[in-house]
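Got a model open and wondering where its labels come from? Let's go through a few of them together.

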Amino acid sequence: MHQSRLNSPLGELLLVARADRLLGLWFADQLAIPAWATGATPKPAHPLLRQAATQLDEYFAGARQRFELALDWSRGSAFEQAVWGALAGIAPGQTCSYQDIAIAIGRPQAARAVGGALGRNPLGIVLPCHRVLGRKGQLTGYTGGLARKQALLDLEARWAAA
């Protein structure tokens with residue numbers, strides 16, 4: 001596994017990849033980044049890490065709404081993988097609730113468990129857990145911090161308004 005770091009408008013990002021898949025993307029100051037990620041070998045020239053960095057720069061500049069990266073979220077449980085897969089279906093500039101995700105994965109009583117799975121999302125921003133809000137549209141939990149969640153939603157709201 002290889003890692004690189006990227007300065008973004010919202011703080012430093014830690015990116016982790018293996019040969020052909022992006023395994024992780026976190027704000028570097030987040031709590032609970034897995035040891036397997038922080039222990040990855042630094043290799044900023046890794047082609048997939050460079051591709052991810054370019055796409056993230058484009059995203060923050062407002063020039064990219066969707067990421068085109070090979071992803072691997074197989075380190076999660078079957079439930080977590082289902083939740084993370086549902087995140088991929090939330091369109092840029094759109095939001096949904098934890099309950100919506102629970103219903104989408106066929107577990108309508110599991111909204112609280114969905115929140116836990118989102119907290120363990122290994123591919124923040126790319127798998128857009130920031131687009132998931134409380135039932136009444138309020139900002140709730142985000143491992144990168146609520147200010148960053150709001151900033152990401154504000155960035156994406158510009159696309160919806162255009």
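Here is a short round of questions and answers on those labels.

This is a predicted model, so local features need pLDDT of at least 70 and side-chain atom pairs count only at pLDDT 80 or more, while totals for chains, interfaces and linings use all residues. Residues are numbered from 1 along each chain as its sequence is written, and side-chain values use heavy atoms, with hydrogens and water left out.

Q: How do you know how many helices and strands the protein has?
A: Helices are DSSP runs of H or I with at least four residues, and strands are runs of E with at least two, numbered from the N terminus. On that basis the protein has six helices and six strands, in the order β-β-β-α-β-α-α-β-α-α-β-α.

Q: What makes the radius of gyration agree with that of a compact globule?
A: The rule is 2.2 Å times the number of residues to the power 0.38, with the radius taken over C-alpha atoms. For 162 residues that lands near 15 Å, and the protein has 15 Å, so the two agree.

Q: Why is Cys96 called buried?
A: Buried means under 20% relative accessible area, exposed over 50%, and partly exposed in between (1.4 Å probe, protein chains only). Cys96 has 15%, so it counts as buried. Cys129, at 7%, is buried too.

Q: Why do Cys96 and Cys129 not form a bond?
A: A disulfide needs a pair of cysteine sulfur atoms within 2.5 Å. The sulfur of Cys96 has its closest cysteine sulfur in Cys129, 11 Å away, so that is too far for a bond. The structure holds zero disulfides.
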